[in-house]
Amino acid sequence: MRCPSCGDEFEDHVTRCPDCLVDLQRSSEVEVRPPTADALLGRFHPHMATRIVQLLQHRRVLHDPIDLGDVVEILVSREFRDDLRSELVVNWSEFIHRLPTDEKFEVLEGGGDLPGWMDAPSGVWIDREGRLQVADSAEAELEADARRTIGPGLAVAGLIALLLGWYIQGGIDDLLIVGGIAAVIVGVLLPR
């Protein structure tokens with residue numbers, strides 16, 4: 001059995017892909033697409049990027065380094081991205097330790113939790129299925145947190161407008177009530 005979305009193979013008794021949540025099909029019925037380097041592994045200091053590219057070449061993992069001057073973005077096949085990120089996080093100090101001394105000091109000057117990795121994830125954990133998972137970078141988590149506060153903030157503002165519309169007598173009260181109801185509904189329905 002094979003997932004038509006991600007292409008992962010499963011034993012015959014499995015009927016649904018746990019990652020994509022789609023029904024599996026017989027392997028012969030699923031068209032296998034060639035891998036592409038379409039997922040961002042990370043943004044790295046050029047010295048670190050050189051070592052990571054060497055590792056990817058050694059493992060024959062499809063990759064595409066994009067030199068942006070002082071930073072190198074490395075794209076890899078989506079199927080390997082999470083495992084590679086997990087491995088890099090766990091072994092990052094070893095990568096730095098193997099750099100020549102002058103390169104090592106240049107990378108360490110950048111600071112951060114994982115020096116040389118500009119958008120480094122903030123941690124690693126094992127999920128319920130026993131897979132190693134990598135957290136988003138600190139910037140990505142802040143952005144996600146900001147998105148999560150928009151809905152509740154809008155709902156609270158709507159409730160305040162409703163209360164003001166209820167207490168105020170005059171022409172503006174109906175407008176506040178309608179606006180408040182709309183803000184509460186939109187705030188509650190915004191995706192988290």
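**Helix 1 and the nonpolar core**

In this predicted model, the buried residues of helix 1 are His-47, Met-48, Ala-49, Ile-52, Val-53, Leu-55 and Leu-56.

Reader: Against which elements do the buried residues of helix 1 pack?
Author: The buried residues of helix 1 include Met-48 and Ile-52. Their packing partners are both strands and helices, namely strand 1, strand 2 (63–67), strand 3, helix 2 and helix 3 (101–109).

Reader: How far apart are the end C-alpha atoms of helix 1, and what span should its 13 residues have?
Author: The expected span rests on 1.5 Å a residue, taken one time less than the number of residues. For the 13 residues of helix 1 this gives 18 Å, which agrees with the distance between the end C-alpha atoms, 18 Å.

Reader: Which residues have the most contacts inside the largest nonpolar core?
Author: This core has 23 residues, and those with the most contacts inside it are Leu-41, Phe-44, Ile-74 and Trp-92. At least two residues of the core come from each of strand 1 (37–44), helix 1 (46–58), strand 3 (72–77) and helix 2. In soluble globular proteins, nonpolar side chains tend to be buried together. The residues asked for are thus Leu-41, Phe-44, Ile-74 and Trp-92.

Reader: Is Ser-86 buried or exposed?
Author: Ser-86 belongs to helix 2 (residues 78–97). A polar atom of its side chain lies 2.9 Å from the backbone oxygen of Asp-82. Buried means under 20% relative accessible area. Because the relative accessibility of Ser-86 is 1%, this residue counts as buried.

How values were computed: Residues numbered from 1 in each chain as written. Predicted model: local features only at pLDDT ≥ 70, side-chain atom pairs only at ≥ 80, totals over all residues. Heavy atoms only, no water. Helix = DSSP H or I, 4+ residues; strand = E, 2+ residues; numbered from the N terminus. Buried < 20%, exposed > 50% of the residue type's maximum accessible area, 1.4 Å probe, protein only. Polar contact = N/O pair within 3.5 Å; in protein donor to acceptor, adjacent residues only side chain to side chain. Core = buried A, V, L, I, M, F, W, Y, C linked by side-chain atoms within 4.5 Å. Contact = heavy atoms within 4.5 Å.
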